[in-house]
Amino acid sequence: MAEKLLIIGSGPAGLTAAIYAARANLDPLMVEGMEPGGQLTITTDVENYPGFPDGIMGPELMEQFRKQAERFGTRIVSSNVTAVDFSEHPFKVEVGSDSYEAQSVIISTGASARWLGVKGEDRLRGFGVSACATCDGFFFREKELAVVGGGDSAMEEALFLTKFASKITIIHRRDEFRASKIMADRVAAHEKIEILWDSTVTEILGGDLVTGVTIENTKTGATSELAVDGVFMAIGHTPNTDIFMGQIELDDAGYIVVDGTRTSVDGVFAGGDVADTVYRQAVTAAGMGCAAALDAERWLDARE
Ligand code: NAP
């Protein structure tokens, strides 16, 4: 028999949707994906999630979300969705060799920060290497930092980090920014920000904590070292929507196009970073997950 509601993804949006759906007796089935808990599980302290005045570790916060979803009977499949077919109702969701049918679906597969893939990056993630200034900037008071990238995110991250850091170097691989002029101008005018053009980071240095980066000039090939206490990657995010291509409307960057939480397919809803190009916060994702569950519940009610 078809599931009433199948939730794909287990970050703040998916698990909040599960809590609401389970309490509404929709008996949700969640396929949690290969990174259970999502992006928060790769951060350390979370100090801006309301309700935790002393902060909470990202993985622990997601463990709490999960317990709450399970408490009300959410069933969780620990695997990845490999294919979907939204062309017929009930919808089909393939998980490896298993196939599920669902009357409604909530997509909350999130987005993944892009990383450089250079030596030292993986090992020092959470120890000076970050892809989220809002999450981790606070830990770098009076420190020197590098931001990698030349888009609006890099400008925004660098400007945000000026609240804490003593100096910020933006490292960009070309000699002009992709960012909007207004953001680039703000960066250029800021006394704490320096720009290193035509440069790529080839290695992140440090023992237990980041101490610097190795830089290569893309025009001359010359290498140098820059001493910094932290490196923020702002080279874009990729929404995790590969399996939905051709099934549902996506924008040019691959994000799911939503009206509220409704997607282009009636009965398929989306929430969190997979459909959010603006805020990308745990608490906004949770809010969208809640809304998606309420919308799915109303949609199912109306069909009955
Ligand atoms: P983006 O515009 O795609 O910029 C990514 C930047 O990272 C580019 O400058 C790119 O260099 C660089 N980059 C990519 N891969 C790299 C690599 N392997 N090594 C070194 N550099 C690399 O991404 P975004 O800044 O995250 O912005 C995404 C979208 O959100 C944009 O439409 C943006 O306007 C929007 N946004 C808006 C705001 C705002 O208005 N306040 C804030 C944030 C984001 P190249 O330039 O050489 O390609």
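The protein exposes about 14,700 Å², and carbon and sulfur atoms supply 48% of that area; accessible areas come from the Shrake-Rupley method with a 1.4 Å probe, and for residues only the protein chains shown count as cover. Please note that this is a predicted model, in which local features need pLDDT of at least 70 and side-chain atom pairs count only at pLDDT 80 or more, while totals for chains, interfaces and linings use all residues. Residues are numbered from 1 along each chain as its sequence is written, and side-chain values use heavy atoms, with hydrogens and water left out.

Of the 304 residues, 47% count as buried, a term that means under 20% relative accessible area (1.4 Å probe, protein chains only).

I turn to overall form. The C-alpha atoms fill a box of roughly 65 × 40 × 35 Å along the principal axes. The radius of gyration, taken over C-alpha atoms, is set against a globule rule of 2.2 Å times the number of residues to the power 0.38. The protein has 21 Å, which agrees with the value near 19 Å for a compact globule of 304 residues.

The secondary structure comprises 6 helices and 19 strands; these are DSSP runs numbered from the N terminus, helices being H or I of at least four residues and strands E of at least two.

One strand deserves attention: where does β12 lie? Strand β12, residues 167-171, has 4 of its 5 residues buried, so it is largely enclosed by the rest of the structure. Strand β11, residues 144-148, runs parallel to β12 and is joined to it by 5 bridges; two strands pair if DSSP finds at least two bridges between them. Within this pairing, L145 stands opposite I168 of β12.

Notes:
Buried means under 20% relative accessible area, exposed over 50%, partly exposed in between (1.4 Å probe, protein chains only).
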